Amino acid sequence: MEGLSGRGTAAASALARAYLQSDLDIDDRIAAEAALTLLLDDPSPKVRFALAEALSGSARAPAQIVTALVHDQIDIAAIVIARSPVIHDGDLIERARTSPPALQRLIAGRAEVSNSLARALSRHGAANAVLELVGNANARVCRDCLDMIVDRFAGHADLRGALLERSDLPPELRYRLMKAAGQALGESPFIRAVAGPEMADHLVRDGEQKALCALMAQLDTAGCAALVDPMRDHGDLTTVLLVRAVCRGQIDFLASVLSSLADVPPQRVTAILVNERTNQLRALLTNAGLADTVQPVFVQAVALWRDVAVGRLSAGVQEITRRVLESMERESAGRRDAANDDILSLLRSIHLDAMRDNARAHARDLAAA
């Protein structure tokens, strides 16, 4: 039986190669396709494996034979799925819905993945297949695909990392992935055991706020505006976050938040921030729900960044925060107030972060010199 199987395998391979490489007339081509079709029913998988090996890399392979092999047992299907340029989307989509993860991953890694196929994988694919899809530069992964992937796999660390590397990932999805990462960190048994539950929660909140500021620094006005509602829904539009943002010069984000919280048109908010209208800015901050005790931070930081924008001042985050901190310390001198103490503590923390960032940047510059 082994000898018959071996001869069948050799015959299948030879017939397939002859079909692809010979200039057959129409009658011989029809006869060859009929013979290849009969070989699909051979009880030995080795025969069908030989067919797959011979036909998988050619654009001249008969589509009906290759399609049949797509639906064969996994080791045979894998060969044509990985290589064949003649497979129709419909067959791959059906396979993507029902295949085991290893086969789904081969589908996701094909040289070209259409949007329809990417949708099927995003909806039905296992984590390793979706990871392959996200990393495939030739896959047409649309916004709906990204939404589905984040919905299904926000808790998957490797997929979060792969998604965050994509330049086309919308700000709202970056924010959701950042929240998922924070949740995973906060729920880590190791972190909670070492730091304690209260300190672990503090570390997560502090890390999220810094990550949010870093995210805002990468976005334009439209991107900042798109995040305001999701952040408000999650309770992330805190005074602490807004102080961090204004001290770091993220005025577009501040404008979007104030417009939403105070229910004032964006153009009006921008005009108040751009022009030196302290009373109007104070009123805007009050309407947005910011306490009187913290408003001087915003008034001075906005004024300083305005001076930077028009060239009256040359300064970065470290210098701006130092000036705001010194001003608040002078204003608070001689009187103890818990709210002011909290503000001063936050400003010192932001100033220290800026100093660390500058030191790291300087070290990198020295290393690169």
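User: In this predicted model, how do the residues of the lining of the largest pocket divide into nonpolar, polar and charged?

Analyst: Good place to start! The pocket has a volume of about 350 Å³, and 17 residues line it. Sorted by type, this lining holds 10 nonpolar, five polar and two charged residues.

User: Which residues that line the largest pocket are the closest to its centre?

Analyst: Let's begin with the helices around it. Helix H15 (221–233), helix H17 (251–262), helix H18 (266–274) and helix H20 (295–310) each supply at least two lining residues. The closest to the centre of the pocket are Ile251, Asp252, Thr270, Leu273 and Val274.

User: Which helix gives the largest share of the largest nonpolar core?

Analyst: In soluble globular proteins, nonpolar side chains tend to be buried together. Here, the largest nonpolar core has 56 residues, and among those that touch the most other members are Leu51, Leu117 and Leu133. Its largest share, six residues, comes from helix H5 (residues 74–83).

User: How many residues are in the second, separate core?

Analyst: This core includes Cys224, Leu237, Val243 and Leu344. Its residues number 52.

User: Is Ser56 buried or exposed?

Analyst: Ser56 sits in the loop between helix H3 (45–55) and helix H4 (63–70). Leaving out residues up to four places away in sequence, Ser56 touches Ile79, Val80, Arg83, Ser84 and Pro85. Buried means under 20% relative accessible area. Ser56 has 1% relative accessibility, so this residue counts as buried.

Definitions and conventions
Residues numbered from 1 in each chain as written. Predicted model: local features only at pLDDT ≥ 70, side-chain atom pairs only at ≥ 80, totals over all residues. Heavy atoms only, no water. 1 Å grid on protein atoms, 1.4 Å probe; cavity = no way out; pocket = protein on both sides within 12 Å on 5 of 7 lines; lining within 4 Å. Points joined across faces, edges and corners; volume = space filled by probe spheres on them. Helix = DSSP H or I, 4+ residues; strand = E, 2+ residues; numbered from the N terminus. Nonpolar A, V, L, I, M, F, W, Y, C, P; charged D, E, K, R; others polar. Core = buried A, V, L, I, M, F, W, Y, C linked by side-chain atoms within 4.5 Å. Buried < 20%, exposed > 50% of the residue type's maximum accessible area, 1.4 Å probe, protein only. Contact = heavy atoms within 4.5 Å.
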